[in-house]
Amino acid sequence: MNGRIWSAIASAFLAACVLLGGASAAGALANALLQGLSVVVIVALLWTGRATMPAQARPLLWIIGLYLAFALA
């Protein structure tokens, strides 16, 4: 994907955060949706190689991955 698509994704995500974000109990589902969407955007950026990750962050990534694996199991 080129830079325009990522800019559009970032703009759409920011707009969704502004419109759906909130701290009320009624906004819990919207906040969960935003958090799930943010994980998808981050994974997509890392998967395509557009975002680089320092070597010091790799152990933390393994810890997070193991935590998610146990949480989803």
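Start with the lining of the largest pocket: by class, 11 of its residues are nonpolar, one is polar and none is charged. Bear in mind as you click around that this is a predicted model.

To bring that lining up, select V39, I42, V43, L46, W47, M53, A57, L60, L61, I64, G65 and L68. The space in this largest pocket comes to about 290 Å³. Now colour by secondary structure. Which helices each supply at least two residues of the lining? They are helix 2, covering 28–48, and helix 3.

Stay on helix 3, which spans residues 58–72, and switch to a surface view. Select L60, I63, I64, Y67, L68 and L72, and you have a nonpolar surface patch of about 690 Å². L60, I64 and L68 should look familiar, since they also line the largest pocket.

Next, pick L72 by itself. This patch member sits in helix 3. Is L72 buried or exposed? Exposed, because its relative accessibility is 75% and the cut-off for that label is over 50%.

Now zoom out to the whole chain. The protein has three helices and zero strands, so from the N terminus on you should read α-α-α. How much of the protein counts as buried? Of its 73 residues, 7% do. Turn on the accessible surface and you are looking at about 6000 Å², with 74% of it belonging to carbon and sulfur atoms.

Helix 1, residues 3–20, is the next stop, and W6 is the residue to select there. W6 counts as buried because its relative accessibility is 10%, and the label applies under 20%. Add L45 to the selection and draw a distance between the two C-alpha atoms: W6 and L45 are separated by 8.7 Å, though they lie 39 residues apart along the chain.

Last, move along to F13, also found in helix 1. F13 has a relative accessible area of 21%, which means that it is partly exposed. For a partner, try L37: C-alpha to C-alpha, F13 and L37 are 8.1 Å apart in space, with their positions 24 residues apart in sequence.

Definitions and conventions:
Residues numbered from 1 in each chain as written. Predicted model: local features only at pLDDT ≥ 70, side-chain atom pairs only at ≥ 80, totals over all residues. Heavy atoms only, no water. Patch = residues over 30% accessible without salt bridge, like charges linked within 9 Å, V, L, I, M, F, W, Y side chains within 5 Å. Areas by Shrake-Rupley, 256 points an atom, 1.4 Å probe, with all protein chains shown as cover. Salt bridge = Lys/Arg side-chain N within 4 Å of Asp/Glu carboxyl O. Helix = DSSP H or I, 4+ residues; strand = E, 2+ residues; numbered from the N terminus. Buried < 20%, exposed > 50% of the residue type's maximum accessible area, 1.4 Å probe, protein only. 1 Å grid on protein atoms, 1.4 Å probe; cavity = no way out; pocket = protein on both sides within 12 Å on 5 of 7 lines; lining within 4 Å. Points joined across faces, edges and corners; volume = space filled by probe spheres on them. Nonpolar A, V, L, I, M, F, W, Y, C, P; charged D, E, K, R; others polar.
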